[in-house]
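Trainee: I would like a close look at a single part of this model, with the rest kept as background. Please start from a residue in a loop and work outward.

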Amino acid sequence: MIAETVCSAVSAAGLGIAMITAYRKRFLAAARIAAYSLVPVGLVMAGVVDWLADTAFSPTAWAGFGLLGLSWVLFASTRAVERRRGGTRKERRAAARAAAAPEAVAPRASKPSLDRGSGPAAGPAGAAPASRGGDDDFSDIEAILKKHGI
């Protein structure tokens, strides 16, 4: 009963302020103040104030809010742990399988371009195999490619 009286008084005061604002030719501000001042009476008439009063003094409701808070803490902590570990269980298994693969190749790289092979060095048709100096050139290129993860 007291809550309804307080809400009615707040709404009446707000409507009075809105009338003074409208008298000063600030109609947009007056309409906005009137809208805000009608909210408490609307909440009383809709029964929200009674529901809030019943909820505020109910131990069962507070226990429910406590359980909701606990569940939120559990969700947040498991999410933080999951981020530290590096993803979900499925992602970790996929990463472990990729690490255990015998011949992992970097993305956008093909094995033949990195493989020197046991046969003659690739070159123009009819060219002789590369000498020792040519291997040094390829080792420099290979070092650059490895540096960039290719």
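Which does K25 count as, buried or exposed?

Mentor: K25 counts as exposed, with a relative accessibility of 66%; the classes are buried under 20% relative accessible area, exposed over 50% and partly exposed in between, using a 1.4 Å probe and protein chains only. The model is predicted, so local features need pLDDT of at least 70 and side-chain atom pairs count only at pLDDT 80 or more, while totals for chains, interfaces and linings use all residues. Residues are numbered from 1 along each chain as its sequence is written, and side-chain values use heavy atoms, with hydrogens and water left out.

K25 sits in the loop between α1 and α2. Its phi is positive, near 65°, in a residue other than glycine. Helices here are DSSP runs of H or I with at least four residues, strands are runs of E with at least two, and both are numbered from the N terminus.

Beyond that loop comes α2, which covers residues 27-46 and has 20 residues. From its first C-alpha to its last, α2 reaches 28 Å, close to the expected 28 Å; the expected span is 1.5 Å times one less than the number of residues. The helix also has a kink of about 30° at V39, shortly before the proline P40, where the bend at a residue is the angle between axes fitted to the seven residues ending there and the seven starting there. After α2 comes G47, whose phi is positive, near 90°.

The buried residues of α2 are A30, A34, S37 and P40. They pack against α1, residues 2-23. S37, in helix α2, has a relative accessible area of 5% and is buried. Setting aside residues up to four places away in sequence, S37 touches S11, G14 and L15, contact meaning heavy atoms within 4.5 Å.

On the other side of this packing, S11 lies in helix α1 and counts as buried at 2% relative accessibility. Apart from its neighbours within four places in sequence, S11 is in contact with S37, L38, P40 and V41. That list includes the buried residues S37 and P40 of α2. The C-alpha atoms of S11 and Y36 are separated by 8.3 Å, although these residues are 25 apart along the chain.

T21 is another residue of helix α1, and at 11% relative accessibility it counts as buried. Again leaving aside neighbours within four places in sequence, T21 is in contact with R26, A29, A30 and I33. A30 is one of the buried residues of α2.

As background, the protein has seven helices and zero strands, and along the sequence it follows the pattern α-α-α-α-α-α-α. Of its 150 residues, 10% are buried. Its accessible surface comes to about 12,500 Å², of which 66% belongs to carbon and sulfur atoms; these areas come from the Shrake-Rupley method with a 1.4 Å probe, and for residues only the protein chains shown count as cover. Among contacts between residues at least 6 apart in sequence, 43% join residues at least 24 apart.

Two side-chain pairs elsewhere complete the background. Rings of Phe, Tyr and Trp (its six-membered ring) pair if their centres lie within 6.5 Å, with planes under 30 degrees apart counted as stacked, over 60 as edge-to-face and the rest as tilted. By this rule there is one aromatic pair. The rings of W62 and F65 have centres 5.8 Å apart and planes at 65°, so the pair is edge-to-face. Both residues lie in helix α4, residues 59-85, three residues apart, about one turn of the helix. W62 is exposed, with a relative accessible area of 52%, whereas F65 counts as partly exposed at 43%.

A search of the whole structure also finds one salt bridge, that is, a side-chain nitrogen of Lys or Arg within 4 Å of a carboxyl oxygen of Asp or Glu. E142 forms a salt bridge with K146, and the closest N and O atoms are 3.3 Å apart. Because E142 and K146 are four residues apart in helix α7, residues 132-147, about one helical turn separates them. E142 counts as partly exposed at 23% relative accessibility, and K146 is exposed at 60%.
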